[in-house]
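Visitor: I am new to this structure and should be grateful for a close look at one part of it. Please take chain A and the side on which it meets its partner, and then show me some features of the partner itself.

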Amino acid sequence: MTTQYLILSGLIFAIGALGVLIRRNAIVVFMCVELMLNACNLAFVTFARQNGNLEGQIIAFFVMVVAAAEVVVGLAIIVTIFRTRRSASVDDANLLKY
Amino acid sequence: MNGFEAPTIEYGQLAPLLLVFGAACIGVLVEAFAPRYLRKSIQVPLSLLSLIGAFALVIVQVARGGVPTTASAMGAVAVDGPSLFIWGVILVLSLGAVLMVNDDGHFVASAAAVPGSADEEEAETSGGAHTEVYPLVLFAVGGMLLFAASHDLLVMFVALEVMSLPLYLLCGLARRRRLLSQEASLKYFLLGAFSSAFFLYGMAMIYGYAGTVSLPGISQAMSTGSLMDPLLLLGFSLLGVGLLFKIGAAPFHAWKPDVYQGAPTPITALMASGTLVAAMGAVLRVFWVALGNLDWDWRPVMWVVAALTMIVGAILAITQTDIKRMLAYSSIAHAGFLLIGVMATFEAAEKNAASLSAILFYLLVYGFTTVGAFAVVTMVRDPGGEAGHLSRWAGLGKRSPLLAGVFAFFLLAFAGIPLTSGFFGKYAVFAAAVSSGTQTGDSMGAWMTGLVVVGVIASAIAAFFYVRVIVLMFFSEPAADGPTVVAPSMGTAVVIGVALLVTVGVGLFPQPALDIANQAASGLFIR
C-alpha cells in the first residue's frame with residue numbers, strides 16, 4: 001500500500017541527485033539537494049506509516065529544520081561568490097585544481 | 001497513548017557538550033549586544049575557557065570512574081570510554097585551533113565586501129574583524145563532540161550538520177587569496193550537502209527496515225530479520241557514502257585538497273584533526289555497533305575503499321606543488337590507514353577492544369602532529385599571505401633551521417618513522433589488522449594481510465614525498481626573495497611546542513598514551 005510513495009520518493013531522490021550532477025548553476029544545484037532532502041522526508045513519513053510508529057514523522061521535522069539552516073548558510077556562500085565573480089556557475093569556480 | 005513522560009537527561013554526563021554549546025550561544029549574544037571594540041576581548045577568553053572547562057569536565061568524569069554503562073539522554077548519546085577519549089582529544093586539538101584562530105591576519109575584515117573593492121579597503125583600514133569566528137568554531141567543535149558520541153542516527157545526522165555548517169562558512173573567511181577561499185567554501189558546501197542527503201536517505205532506508213534509528217535497535221532488528229533485505233543493503237551503502245565522505249575516503253575524497261588549500265590555515269588545522277577524529281568515531285559506531293552483524297557484507301567493500309584511499313592519497317600527494325594540498329592528500333592516506341583498523345573486527349570482545357584502542361591511539365598522535373604541521377605553515381609567509389607553493393620552501397632549513405627542523409620532524413611522524421609517535425600509531429593499527437586476519441574461521445585472513453601489505457607500500461610511497469620536502473628545505477639553496485618566517489605569536493608557539501612535545505614524547509615513551517587508549521577502549525561501545 002505504501003509502495004507507490006516509496007517509488008515516488010526514490011524518483012524524487014534520483015531526479016535531485018541527477019540534477020546536482022548535471023546542472024551548472026549553483027542555486028539550481030542547491031535546489032536539487034533540497035529536493036533530495038524532501039525525498040528523504042517522504043520516505044521517512046511513509047515508513048512511519050508502514051512501521052506503525054511516530055519516529056519517522058518526528059525525524060521529518062528535524063530534517064526540515066536542518067534543511068532551513070542549510071539554506072541560510074548555502075545562500076550566504078553562493079551570494080558571496082556571485083558578488084565576487086558575477087557568476088553563480090559551478091564551472092567558473094575553477095581556481096583550485098590538481 | 002497515556003500522555004507524555006518527561007525525559008530523563010543526565011546533565012552530569014553531558015556537561016562537556018552542554019558547556020561548549022552554551023559558550024557558543026553566549027558568543028552569539030556577545031556579537032549581538034557587545035560593542036565592537038570589546039568583542040574580541042570577550043570572545044577569546046570565552047572560547048578558551050569553555051574548551052578548557054569542557055576538557056576538565058571530561059577528566060573529572062574519567063577520574064571519578066563514572067563511565068556510564070547505558071546511553072544517556074533517553075538513549076540518544078553514548079558517553080562511553082571511547083567517547084570520553086575522543087572528546088578529550090577533540091577538545092585539546094580544537095584548543096590549539098582556537099589559539100591559531102586568535103592570531104591576527106587569518107580572517108577577512110568584512111566577508112561581505114567584494115575582494116578588491118573600496119568597501120574591502122575601508123574595512124581593512126578601519127581594523128574590522130569577524131569575531132563571529134569564535135562562536136562558529138565552538139559550534140563546530142560541539143557538533144564534533146556530539147557526532148562521535150551519538151547513539152542514534154537522528155542525533156548523528158543533526159550533529160553532522162551542526163559540525164559542518166559552521167565549517168562551510170569558516171572556510172570562506174580567509175583574509176588573503178579570498179577567491180580561493182570562497183571557492184573552497186562553495187565546493188565544500190555543495191558536496192557536503194550532497195553527501196548528507198545520501199546519509200539521510202540511507203537512514204530512511206534503515207528506518208524502513210528496522211523500524212527504529214537507534215544503533216542497538218538496528219543491530220537487534222538484524223538479529224531477527226533477514227540480512228538480505230534490499231532496504232538494509234541500500235541503507236547501509238548510502239549511510240556509508242555519507243560517512244566516508246566526511247573522513248575523505250577514496251571515491252569521495254575530491255573535496256579535501258581543494259577545501260584544505262582554500263580555507264584559512266587555522267580552520268584547515270581544525271578540519272584535518274577534529275573533523276577526522278569525530279568522523280572516525282561515528283564510522284566506528286555505525287559499523288561496529290549498528291552493522292556489526294553485517295560485517296560479512298561491509299568488510300569486502302571497506303577493503304576496496306581502504307586500499308584505494310591509501311593508494312590515491314599517497315600517489316597524488318607526490319604530484320602536488322602546494323604545501324597545504326600535499327598535507328590534504330597525506331590526510332586522505334591517513335584516513336585509509338585508519339580504515340584498516342575499522343576492518344579489524346573479531347568475534348571476541350576483548351580483541352575488538354585491542355583494535356579499537358589502536359585506532360584511538362592513532363587518532364591521538366595523528367591529530368597532534370597535524371595541528372602542529374599546519375601551525376608551522378602559518379608562519380612561513382610571502383608578501384601576499386602564506387607561502388603555499390613548495391618551491392618557496394626551498395632552503396628554509398638554511399634560513400631558519402629551527403622551524404624547518406620542527407616541520408621536518410612532523411613530516412617524519414606522518415611518514416611513521418620509528419622514534420616518532422606516527423610509527424607506533426601505524427604499527428598498532430597494522431598489528432590489529434593482521435591478527436584479525438589470522439583468527440580461526442575468518443576467510444578474510446589472507447585479504448587482511450594483503451591490505452596491510454598495501455598499507456606498508458602506501459606508507460613507503462608517502463615517505464618519499466615527505467622526505468622530498470625535507471630535502472628541499474635543507475639541501476637546496478634559498479631563493480633571494482624567499483619567504484619570511486614571522487615570529488610566532490604566543491598562541492602559535494604554544495601549539496607548535498605542545499604538538500612537538502606529544503610527537504616526541506609519545507614516540508619515545510608510547511606506553512602511557514597506549515595505556516589511556518587501552519583503558520578507554522576496554523569497555524568497547526555501549527550497546
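Guide: The account below begins with chain A, passes to its contact with chain B, and ends with selected parts of chain B. Please bear in mind throughout that this is a predicted model.

Chain A contains three helices and zero strands, and from the N terminus its elements follow the order α-α-α. Its radius of gyration is 17 Å, whereas the globule rule gives 13 Å for 98 residues; chain A is therefore more spread out than a compact globule. Along the principal axes, its C-alpha atoms occupy a box of roughly 50 × 25 × 25 Å. Buried residues make up 33% of the 98 residues of chain A. Where contacts in chain A link residues at least 6 apart in sequence, 48% of them join residues at least 24 apart.

A record adds a further layer. In an unreviewed UniProt entry, the annotation "transmembrane region" is given to residues 6-22, 27-47 and 59-82 of chain A. In the model, residues 6-22 of chain A are 100% helix and 0% strand, with end C-alpha atoms 24 Å apart. Residues 27-47 of chain A are likewise 100% helix and 0% strand, and here the end C-alpha atoms are separated by 30 Å.

The meeting of the two chains comes next. On the side of chain A, 35 residues are in contact with 34 residues of chain B. Helix 1 (3-22), helix 2 (26-51) and helix 3 (55-85) of chain A each contribute at least two residues to the side that touches chain B. The most comes from helix 3 of chain A, which supplies 16 residues. Sorted by class, this side of chain A holds 25 nonpolar, seven polar and three charged residues.

Within chain B, two helices repay a closer look. Helix 5 of chain B (residues 133-149) has 17 residues, which at 1.5 Å a residue should span 24 Å; its end C-alpha atoms are 25 Å apart, in agreement with that expectation. Helix 5 of chain B is mostly covered, with 17 of its 17 residues buried.

Helix 9 of chain B (residues 230-247) passes the same kind of check: its 18 residues should span 26 Å at 1.5 Å a residue, and its end C-alpha atoms are indeed 26 Å apart. Among the buried residues of helix 9 of chain B are B:Leu232, B:Phe236, B:Leu239, B:Leu243 and B:Lys246. The cover over the buried residues of this helix includes helix 7 (178-210), helix 11 (265-290), helix 12 (295-318) and helix 13 (323-343) of chain B. Just after helix 9 of chain B comes B:Gly248, with a positive phi of about 75°.

Helix 7 of chain B, one of the elements just named as cover, is also where B:Arg178 is found. B:Arg178 counts as buried because 21 other C-beta atoms lie within 10 Å, the cut-off for that class being 20 or more. Apart from neighbours within four places in sequence, B:Arg178 is in contact with B:Val108 and B:Pro115. B:Val108 stands 70 residues from B:Arg178 along the chain, yet their C-alpha atoms are separated by 8.2 Å.

Chain B also holds an open sheet of three strands in the order 2-1-3, with antiparallel pairing. Strand 2 (385-386) and strand 3 (484-485) of chain B are at the edges, each with a single partner strand, so one side of each lacks a neighbour in the sheet. Strand 1 (residues 380-382) of chain B is joined to strand 2 of chain B by two bridges, and these strands run antiparallel. B:Arg381 has B:Glu386, in strand 2 of chain B, as its bridge partner.

Two loop residues of chain B complete the tour. B:Met74 has a positive phi of about 55° although it is not a glycine; it lies in the loop between helix 2 (36-63) and helix 3 (81-101) of chain B. With 14 C-beta neighbours inside 10 Å, B:Met74 counts as partly exposed. B:Leu419 also is a residue other than glycine with a positive phi, near 75°, and its place is the loop between helix 16 (401-415) and helix 17 (421-437) of chain B. B:Leu419 is partly exposed, having 13 other C-beta atoms within 10 Å.

Key: Residues numbered from 1 in each chain as written. Chains lettered and ligands numbered in written order. Predicted model: local features only at pLDDT ≥ 70, side-chain atom pairs only at ≥ 80, totals over all residues. Helix = DSSP H or I, 4+ residues; strand = E, 2+ residues; numbered from the N terminus. Expected span 1.5 Å × (residues − 1). Buried ≥ 20, exposed ≤ 12 C-beta atoms within 10 Å, placed from the backbone. Contact = placed C-beta atoms within 7 Å. Rg over C-alpha atoms; globule rule 2.2 N^0.38 Å. Pairing = 2+ DSSP bridges. UniProt positions renumbered as here; feature names shortened; annotations may be inferred. Nonpolar A, V, L, I, M, F, W, Y, C, P; charged D, E, K, R; others polar.
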